[in-house]
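Here are my notes on this one, in the order I'd go through them with the viewer open. Shout if anything looks off on your side.

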Amino acid sequence: MAEYNSGWDLTRVASGAMDATSGTVNINKYCFVQMVAGVEKEVILANSGAVCLGVLQNNPRDGEHATVRYAGSTKIRLASSLGVGIEVVASSGGYARPALDAGAVSSGSIMGLLITGATSGAVGEMLLQRR
């Protein structure tokens, strides 16, 4: 089966190492990122419930270029096992969690809809539809 992953990206600067690995897997690639308050064009891994800029598409070290998908479809790392059709928000470390589990969701923090599910810590696919 063919897999398509298309969207719109922008480049920002990684603030802090985002190239952490577990074995041979980069655990920060495909996580939500947010802008650094008061600093132009820098991003960090998203905090729980944050209004996110998008999803990290590469493995930057501190000060390197971070490619951020802000619209379209993207892979996303999941905080728990989730199925298709779930709206997601950021959990700590930038992983996706269900918006319904987030309690009072702030405006702009729902990042989109899962279009393929996966198990906890694995990568699913989502459509970025920020609201």
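1. Let me start with one end of a salt bridge. Glu87 is partly exposed, since its relative accessibility comes to 31%. Keep in mind as you read on that this is a predicted model.

2. Which residue does Glu87 pair with in a salt bridge? The partner is Arg131, with N to O at 2.3 Å between the two side chains. Glu87 sits in strand 8 (residues 87–90), while Arg131 lies in the segment after strand 11 (123–128), so the bridge ties together parts 44 residues apart in sequence. As for cover, Arg131 counts as exposed, at 51% relative accessibility. The cut-off for that class is over 50%.

3. How many salt bridges are there in total? The count is two. The other pair is Arg69 with Asp9, where the closest N and O atoms are 2.4 Å apart. This pair also links distant parts of the chain: Asp9 belongs to strand 1 (residues 7–14) and Arg69 to strand 7 (residues 65–77), with their positions 60 residues apart.

4. Is Arg69 buried or exposed? Arg69 is buried, because its relative accessibility is 8% and the class takes in anything under 20%. Its partner Asp9 has a relative accessible area of 37% and is partly exposed. If you're setting up charges, these are the accessibility values for that pair: 8% for Arg69 and 37% for Asp9.

5. Now the cysteines. Cys31 is buried, with 0% relative accessible area, and Cys52 is buried as well, at 1%. A disulfide would be a covalent bond between the sulfur atoms of two cysteines. The structure has zero disulfides, so don't look for a bond of that kind here; the criterion would be a pair of cysteine sulfur atoms within 2.5 Å.

6. On the fold as a whole: there are 11 strands and zero helices. Reading from the N terminus, the order is simply β-β-β-β-β-β-β-β-β-β-β. Among the contacts with a separation of 6 or more, 59% are between residues 24 or more positions apart.

7. Last, the surface. The chain has 131 residues, and 39% of them count as buried. Its accessible surface is about 6600 Å². Carbon and sulfur atoms hold 52% of that area.

Definitions and conventions
Residues are numbered from 1 along each chain as its sequence is written. This is a predicted model: local features need pLDDT of at least 70, side-chain atom pairs count only at pLDDT 80 or more; totals for chains, interfaces and linings use all residues. Side-chain values use heavy atoms; hydrogens and water are left out. Helices (H or I, at least four residues) and strands (E, at least two) are DSSP runs, numbered from the N terminus. Buried means under 20% relative accessible area, exposed over 50%, partly exposed in between (1.4 Å probe, protein chains only). Contact means heavy atoms within 4.5 Å. Accessible areas come from the Shrake-Rupley method with a 1.4 Å probe; for residues, only the protein chains shown count as cover. A salt bridge is a side-chain nitrogen of Lys or Arg within 4 Å of a carboxyl oxygen of Asp or Glu.
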